[in-house]
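Ready for a few warm-up exercises? Have a look at the model first, then try each task before reading its solution.

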Amino acid sequence: MLTNRDRSSARLTGDAVGISPEDVTIVIPTLNEAEAIGKVLDELKQEGYTNILVVDGYSHDGTVEIAREKGAVVVYQHGTGKTGALKTAMEHVRTPYVLVMDGDYTYDPKDIKRLLDHGSRYAHVIGVRDRSNIGLVHRFGNWVITRTFNILMGTGLHDVCSGMYLLKTDVAKELEFSSRGFATEVEIAAQTATEHSITEVPIGYRRRIGRRKLSTWRHGLGILFSVISLARKYNPVLLFSALSALSIIPAVAILAWVVFRQLTAGVWHSGWALMGVMLLLFASQSIAVATISILLKRIERRVIQYIKKVERVKADES
Ligand SMILES: Nc1nc2c(ncn2[C@@H]2O[C@H](COP(=O)(O)OP(=O)(O)OP(=O)(O)O)[C@@H](O)[C@H]2O)c(=O)[nH]1
Ligand SMILES: [Mg+2]
């Protein structure tokens with residue numbers, strides 16, 4: 001627990017106030033993790049974490065019984081996939097912070113401290129996994145998803161799919177979960193990166209115990225498509241600017257060629273002309289949408305800044 005002296009010294013020096021284990025609920029989504037969950041819970045207790053919430057997706061291998069025996073609170077999820085599990089979890093968390101981690105033994109509870117050290121300053125702290133224990137195909141998939149996310153959201157993250165991350169509970173409870181299933185991590189990061197604050201720290205990554213629940217290609221592609229649709233929702237400026245840039249180049253080239261052919265050979269290519277005009281219309285629509293998005297984003301940012309200011313004043317007064 002932090003004393004008042006610690007707090008005031010942190011205020012004076014500007015240091016981050018470390019978060020103590022009792023201020024965090026560890027949320028573990030599980031689906032048939034009987035082989036691993038006992039070990040995960042033992043390690044967490046050894047590190048001093050006692051608020052542990054296991055959100056189960058109706059396992060039939062004894063996961064729930066083991067978790068209860070080890071003293072964790074267990075609830076059954078509603079909705080589908082890991083997203084449903086997290087949605088359910090947020091309805092039960094009562095501490096100011098929530099740390100999410102897989103129940104498959106891949107994450108070491110010793111690393112949680114690294115995330116807690118920065119949690120008071122950021123709404124979302126991601127644990128960037130050491131890649132040596134991630135298979136090549138997975139590593140490549142993670143890289144493509146993270147790169148696409150960075151390009152479309154304007155971020156510089158390194159592991160947006162990591163399963164260990166810390167969230168401020170008040171932010172977590174306001175999150176929208178519209179993606180079904182497994183785009184959970186990118187959906188959270190899309191919101192915290194564009195509307196709050198996000199950072200990352202390096203963590204270890206061990207080989208999982210038990211069978212994995214994700215299919216590399218099906219879920220990987222699903223997550224990639226989710227990143228694109230999330231960009232439309234949370235950062236439309238970049239997406240529509242890119243679309244207009246992409247369509248304006250062929251539009252101008254096609255129309256220039258049609259005019260050139262008309263002037264030099266006297267031939268009128270009506271099909272190509274129509275295509276050029278359609279591309280030009282598409283580009284101009286994208287520019288219009290991007291411009292409106294910029295204006296709306298600016299208004300949104302001002303409203304958020306104003307709300308934060310009011311909250312800060314209220315917090316200082318109390
Ligand atoms: N509640 C719930 N948990 C799930 C569901 N599907 C997977 N999980 C859990 O979510 C966590 C992540 O699933 P994993 O299979 O480990 O997926 P992953 O971490 O991307 O894949 P690996 O690299 O193989 O570990 C694990 O603790 C799973 O047991 C589900 O539908 N409901
Ligand atoms: Mg895992």
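Three exercises follow, each with a worked solution, and they all use a predicted model.

**Exercise 1.** Work out how the length of helix α6 fits the expected span, and find what its buried residues pack against.

*Solution.*
Step 1: Start with the length. Helix α6 runs over residues 136-153, so it holds 18 residues, and the expected span is 1.5 Å times one less than that number. That rule gives 26 Å, and the helix reaches 25 Å from its first C-alpha to its last, which is close.
Step 2: Now pick out the buried residues, using the cut-off of under 20% relative accessible area. In α6 these are Asn142, Ile145, Thr146, Thr148, Phe149, Asn150, Leu152 and Met153.
Step 3: Recall a general point about spacing. An α-helix has 3.6 residues a turn, so residues three or four places apart point the same way.
Step 4: Look for the partners. The buried residues of α6 pack against β5 (124-129), α8 (184-195), α9 (216-234) and α10 (236-265).
Step 5: Finish at the end of the helix. Just after α6 comes glycine 154, with a positive phi of about 70°.

**Exercise 2.** Is threonine 63 buried or exposed, and what does its side chain meet?

*Solution.*
Step 1: Place the residue. Threonine 63 sits in helix α3, which covers residues 63-69.
Step 2: Check the area. Threonine 63 has a relative accessible area of 1%, so it counts as buried.
Step 3: List its contacts, skipping neighbours within four places in sequence. Threonine 63 touches Thr30, Asn32, Glu33, Ala34, Ile37 and Asp56.
Step 4: Zoom in on one of these. A polar atom of the threonine 63 side chain lies 2.9 Å from the backbone nitrogen of glutamate 33.

**Exercise 3.** Describe the surroundings of ligand 1: which residues are closest, and which element gives the most to the shell?

*Solution.*
Step 1: Count the shell. There are 21 residues around ligand 1, with Glu33, Gln77, Asp102, Asp104 and Arg212 the closest.
Step 2: Sort them by class. The shell has seven nonpolar, six polar and eight charged residues.
Step 3: Trace where they come from. β1 (24-30), β2 (52-56) and α4 (81-90) each supply at least two, and α4 gives the most, with three.
Step 4: Check the backbone. An oxygen atom of ligand 1 is 2.9 Å from a polar backbone atom of leucine 31. A nitrogen atom of the ligand is 3.2 Å from a polar backbone atom of threonine 30, and a nitrogen atom is also 3.2 Å from one of glycine 57.
Step 5: End with the cover. On its own, ligand 1 has 630 Å² of accessible area, and the protein covers 90% of that.

Key: Residues numbered from 1 in each chain as written. Chains lettered and ligands numbered in written order. Predicted model: local features only at pLDDT ≥ 70, side-chain atom pairs only at ≥ 80, totals over all residues. Heavy atoms only, no water. Helix = DSSP H or I, 4+ residues; strand = E, 2+ residues; numbered from the N terminus. Buried < 20%, exposed > 50% of the residue type's maximum accessible area, 1.4 Å probe, protein only. Contact = heavy atoms within 4.5 Å. Polar contact = N/O pair within 3.5 Å; in protein donor to acceptor, adjacent residues only side chain to side chain. Near = heavy atom within 4 Å. Areas by Shrake-Rupley, 256 points an atom, 1.4 Å probe, with all protein chains shown as cover. Nonpolar A, V, L, I, M, F, W, Y, C, P; charged D, E, K, R; others polar.
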